Amino acid sequence: MWLVFLKELKELLRDRKTLFFMIALPVALFPLIIGIASYIGVQAVKDVQSRTLSFAVIGAEFSPNLLQKLTDVEQFELVSLPDDIVDDEAIKAYIKAGNLDFVVAVPNNYSNDVLTVGQVALRVFLNDAGLNMVNQRLTDIVDEIAKANQDVAFAGLQLNSTQQKGLLEPIVIETVNVADNRENWGEKIGGFFPYIIFILCLQGAMLPATDLGAGEKERGTLETLLISPIERYKLVMGKFFTIAFAGVTSALITVVSIAVWGLILSQGMAIEVVTDFMASIGVIDFVLIFLMLVPVVAMFASVLLSLSIYARSFKEAQGYMTPIVLVVIVPVLIAMMPGIELKGIWAWIPLTNVALAIKELIKGTMDYMQLFAIFASTAIIAGALISFCIYWFKQEKVLFR
Amino acid sequence: MIEIDRLMKKFKVDNPKKLSQQDKKDPRLQGRFFHSVRDVTFSCERGEVLGLLGPNGAGKTTTLRMLSTALTPDSGSIKINGIDIVSDPLLARKSIGFLSGATGLYGRLTGRENIAYFGQLNGMADADIKKRIDTLSERLDMQSFLDRRSETYSTGMKQKASIARAVVHSPKVVILDEPTTGLDIMATQTVLDFIRDLKAQQIPVIFSTHHLDEVSELCDSVTVIDQGETRFSGSYDTFANLATGEAAGSLHAAFMQTINPTNDARA
């Protein structure tokens, strides 16, 4: 059996195509793509922030103070509106035509005396479809003035700071989250983790599986292999372990690569949060997560191998395998949905229960007895699928189609 | 020696309605089953080369696949040196060397690794494998390319490596399914030399072919199969003398005679 395993592994490692998909892609290409994408994103935001925006003010005479503050901003450039632009429609058209970036309309009741005029509404005309950050910068300026006005009004009313606070926000809601940091984060990312791992394992196992089953048929090596004096189950197990090994390896490589690159790219930004979170999970739970993955990978490997050996050619095998991705994604997606817990019916659906169990393990709220039951049931399914695969490998109608 | 007695094999037809008109006329189709091999009997003595002849679809490949234990016969017996291989295929596989025209190599392994892999599958020790590969590579003249990846081989090199792979475990019987189909003249010659070599070593060889010149060159006995049944089984001389009249001595006429005994030999 190990003879077959070693030979298949050797062959796999010499295949540039497989190596590329299993190692080069996750280690170098994915992070590169993500890195470039985020760099471009950051650069775009920077560009917008440093760009000078032209603006006009209608009714500037009502608020010299506001006008002064706006002109003081380095990247704001005051321009005057042509005389014929008076109504809203004209302003809209003028902005749309790209003549300036935004127009602030000050109402004629504008005043700094809050107690007399009440609330003042400033109208800002802008094209908000693009990224321009006008709102954010305007709010900063307006808030400053509003705060000053507020203070003057409070002083006029002779309110102390406690009364001021109460007046501004009479009742506040304070939430006390009983979930600790781990449970909180676990709920948020715990569903995502099994999803990524499952898909990666499946993808990583697919290519070698095609090669080891349909590939043998296509190259004409299968018949010779079948009539060599090795028991059929050993042959199947050798191939099975190769596929499972490839799946796990490619998933691990990808996860490690994402983690390493994530740390490098974030440059220590959120490292503390991540390490704290990781440390809180604990070694035993990590081992348990890994153990839960074992029967899942075994399920994938045996199904893929069965499909592959049934197919007459590479192309046919790939055709059969594509729907498998869907079959796997759906139960795992269910586990990602908020509110779905490891209870009732969900504990009995294969893959969904494993995904949920991994989520619970990450959150640290796993019932270990239940974990054992899920592991056992998944292992039984995996065992049945492996036996089917061995049976399948003995069928003449499968081998000589 | 190897004895085959009243071999039978049927395949299930998934959808008989989908078969072509010609397939439906085949008397071997009965209900949901296609009786590919109905009654095949022949034997091959020590040091003898047996040529298996028959039209396409006659059941040659199925018969040889049963001999190689890849398929299990529905009834009948196959005995190698008196041992029934149907009941113990694992043991039989150690004494059979099998090669077909469609046999491939693992392209990403070198020729040596390909051969060694099958040696290992046959339970040979590494030292024995090395010794055996050295002997075979000298005999087949393949030292120059043995350690290159087999995907870079020419057809002739591939065939040499396949031959070495098929006999690495020193089989007691060698079975060849159309070993020369699709090969060029040089590669064909390699195969024919190899058969001659086996014969010199007293190893019985059974091979199927469509080339009658190969039969006249190598075979001691001939078996003709048509529609899953043995139509002729006997020595080469008997076979060659089947044709009479103007076509006397023509293997082609003899072959036609066995398939259509009622017609004139020249038809």
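This passage describes the domains of chain A, the interface of chain A and chain B, and two individual residues. The model is predicted.

Chain A carries a domain assignment with two entries. Domain 1 joins two segments, 2-30 and 181-399. Domain 2 covers 53-168. Over C-alpha atoms, the centres of domain 1 and domain 2 of chain A lie 58 Å apart.

Chain A and chain B are in contact. Chain A contributes 24 residues and chain B contributes 28 residues. Together the chains bury about 2600 Å². Carbon and sulfur atoms account for 58% of that area. On the chain B side, the greatest losses of area to chain A fall on B:Y106, B:R108 and B:L121. These residues together make up 29% of what the chain B side buries.

Charged and polar pairs also span the interface. Between chain B and chain A, 6 salt bridges are found. B:R108 forms a salt bridge with A:D211, with 2.3 Å between the closest N and O atoms. B:R108 is thus named twice: in this salt bridge and among the residues of chain B that lose the most area to chain A. Polar contacts across the interface number 12 residue pairs, with both residues at pLDDT 80 or more.

Two helices of chain B, α3 (89-94) and α4 (111-121), each supply at least two residues to the side that touches chain A. The largest share comes from α4(B), with 5 residues. By residue class, the chain B side holds 11 nonpolar, 9 polar and 8 charged residues.

In chain B, B:Q202 sits in the loop between α7 (185-200) and β9 (205-208). B:Q202 counts as partly exposed because its relative accessibility is 37%, between the 20% and 50% cut-offs. Beyond residues up to four places away in sequence, B:Q202 touches B:R46 and B:G47. B:K160 is 42 residues from B:Q202 in sequence, and the two C-alpha atoms are 21 Å apart in space.

In chain A, A:T378 belongs to helix α17, residues 368-392. A:T378 has 4% relative accessibility and therefore counts as buried, the cut-off being under 20%. The side chain of A:T378 reaches the backbone oxygen of A:I374 at 2.7 Å. Outside its neighbours within four places in sequence, A:T378 has contacts with A:P295, A:V296 and A:M299. A:N353 and A:V354 are also in contact with A:T378.

Technical notes
Residues are numbered from 1 along each chain as its sequence is written. Chains are lettered from A and ligands numbered from 1 in the order in which they are written. This is a predicted model: local features need pLDDT of at least 70, side-chain atom pairs count only at pLDDT 80 or more; totals for chains, interfaces and linings use all residues. Side-chain values use heavy atoms; hydrogens and water are left out. Domain bounds come from an automatic or database domain assignment. Contact means heavy atoms within 4.5 Å. Buried area is the accessible area (1.4 Å probe) that two parts lose on being put together, summed over both. A salt bridge is a side-chain nitrogen of Lys or Arg within 4 Å of a carboxyl oxygen of Asp or Glu. A polar contact is a pair of N or O atoms within 3.5 Å; within protein, one must be able to donate a hydrogen and the other to accept it, and residues adjacent in sequence count only if both atoms are side-chain atoms. Helices (H or I, at least four residues) and strands (E, at least two) are DSSP runs, numbered from the N terminus. Ala, Val, Leu, Ile, Met, Phe, Trp, Tyr, Cys and Pro count as nonpolar, Asp, Glu, Lys and Arg as charged, and the others, Gly among them, as polar. Buried means under 20% relative accessible area, exposed over 50%, partly exposed in between (1.4 Å probe, protein chains only).
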